[in-house]
Amino acid sequence: DVFGKPGRQAVQRLVPRLIAREKVDLVVANAENSASGIGVTPDSAGELLAAEVDLLTSGNHIWAKREIVPYLDKPGARLLRPANYPPGSPGRGRAVIATPDGRKLGVLNLEGRVFMKALDDPFRAALEGVEALRAEGARAILVDMHCEATSEKIAMGWFLDGKVAAVLGTHTHVQTSDARVLPRGTAFITDAGMTGPHDSVIGVETELAIRRMRTGMPVRFEVATGGVRIEG
């Protein structure tokens, strides 16, 4: 979950090094907060893709910047929105990307419903997406499960155990300590964490977040700058 300019700069500086050091085949990043801490623009998406990121996922903030809507429908756009948005929504919720030697990875983006807006059933969308990606030749499938409730992310991990290679939770910006391989072989973590400023309240300047919580009044959030690091 790449947060604001500090998160983008961390990706630009460190991801190419990680690719070289760890011999990484493919990189997927959640870009829904890459523009000023909420939403994604064509420019913020382009910066991440130029830093050797192969595909971008998103979540409930995908519509925050109006200019992203036509970008999502461009042929070959490497930015997904959750697959369980209703039919007719701009963009697509899954994609197949390939390694240099031709191995195909399917990526499926889903959004949860617990404590979030009402969407189509993500579990049904998961089965439909997995089937479609297999038909498109994916040898392995990665799922970005973007939701508020830890229970819903964990439920999706167990639901897809043995059906996909990995289910990674996003949205809450705090990396959890439960990374594991489930009994049927699916890698799972409840939340992959945030790439961005960690001396903050989930990316926001601390004083501003506290002021809103203490007063209940609207406060314009600003992206923090301290303690920048990559998580994933």
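The legends below describe close-up views of a predicted model.

**View 1. Helix 4 packs against helix 5.**
Two packed helices are described by the angle between their axes and the distance between the axes. Helix 4 covers residues 122–135 and helix 5 covers residues 150–159. The angle between the two is about 35°, and their axes are 11 Å apart. The crossing of helix 4 past helix 5 is right-handed. On the side of helix 4, the residues that meet the partner are P122, F123, A126 and L127. Helix 5 contributes E152, A155, M156 and F159. Of the residues in this contact, seven are nonpolar, one is charged and none is polar.

**View 2. W63 and Y85 form an aromatic pair.**
The structure holds two aromatic pairs, and this view shows the pair of W63 and Y85. The ring centres lie 5.5 Å apart and the ring planes stand at 90°, so the pair is classed as edge-to-face; planes over 60 degrees apart fall in that class. Distant parts of the chain are linked here, since W63 and Y85 are 22 residues apart. W63 belongs to the loop between strand 2 (55–57) and helix 3 (68–72). Y85 belongs to the loop between helix 3 and strand 3 (94–98). The two partners are also described by their accessibility. W63 counts as partly exposed because its relative accessibility is 27%, whereas Y85 is buried because its relative accessible area is 8%. The cut-off for a buried residue is under 20%.

**View 3. F123 and F159 form an aromatic pair between helix 4 and helix 5.**
This pair is edge-to-face, with 5.2 Å from centre to centre and 85° between the planes. F123 lies in helix 4 and F159 in helix 5, and the two residues are 36 residues apart. Both residues also take part in the contact between helix 4 and helix 5. F123 has a relative accessibility of 22% and therefore counts as partly exposed. F159 has a relative accessibility of 30% and likewise counts as partly exposed.

**View 4. Charged ends sit over the rings of F159 and F221.**
The charged end of K163 is placed over the ring of F159, at 5.7 Å from the ring centre. In another part of this view, the charged end of R212 is placed over the ring of F221, at 4.0 Å from the ring centre.

**View 5. E52 and I202 have positive phi values.**
Most residues other than glycine have a negative phi. For E52, phi is near 75°, a positive value in a residue other than glycine. E52 is placed in the loop between helix 2 (42–50) and strand 2. Its relative accessible area is 43%, so E52 is partly exposed. For I202, phi is near 45°, which is also positive in a residue other than glycine. I202 is placed in the loop between strand 9 (196–197) and helix 6 (206–215). The relative accessible area of I202 is 43%, so I202 is partly exposed.

**View 6. D199 touches residues that lie further along the sequence.**
D199 is part of the loop between strand 9 and helix 6. Its relative accessibility is 53%, so D199 counts as exposed; the cut-off for this class is over 50%. With residues up to four places away in sequence set aside, D199 touches T206, A224, G226 and G227. D199 and G226 are 27 residues apart in sequence, and their C-alpha atoms are 5.0 Å apart in space.

**View 7. M116 and N60 are in contact.**
M116 is placed in the loop between strand 4 (104–111) and helix 4, and N60 in the loop between strand 2 and helix 3. M116 counts as buried because its relative accessibility is 17%. N60 is buried because its relative accessible area is 18%. The two residues are 56 residues apart along the chain, with 8.4 Å between their C-alpha atoms. Apart from neighbours within four places in sequence, M116 is in contact with N60, E111, H146, C147, E148 and H171. On the same basis, the contacts of N60 are E32, Y85, E111, M116, K117, H146 and H171. N60 and L72 are 12 residues apart in sequence, and their C-alpha atoms are 14 Å apart in space.

Methods
Residues are numbered from 1 along each chain as its sequence is written. This is a predicted model: local features need pLDDT of at least 70, side-chain atom pairs count only at pLDDT 80 or more; totals for chains, interfaces and linings use all residues. Side-chain values use heavy atoms; hydrogens and water are left out. Axes are lines fitted to C-alpha atoms, for helices over the stretch in contact, and angles run from 0 to 180 degrees between N-to-C directions. Helices (H or I, at least four residues) and strands (E, at least two) are DSSP runs, numbered from the N terminus. A crossing is left-handed if the near helix is turned anticlockwise from the far one by less than a right angle, and right-handed if clockwise. Contact means heavy atoms within 4.5 Å. Ala, Val, Leu, Ile, Met, Phe, Trp, Tyr, Cys and Pro count as nonpolar, Asp, Glu, Lys and Arg as charged, and the others, Gly among them, as polar. Rings of Phe, Tyr and Trp (its six-membered ring) pair if their centres lie within 6.5 Å; planes under 30 degrees apart count as stacked, over 60 as edge-to-face and the rest as tilted. Buried means under 20% relative accessible area, exposed over 50%, partly exposed in between (1.4 Å probe, protein chains only). A charge sits over a ring if NZ of Lys or CZ of Arg is within 6 Å of the ring centre and within 35 degrees of the ring normal.
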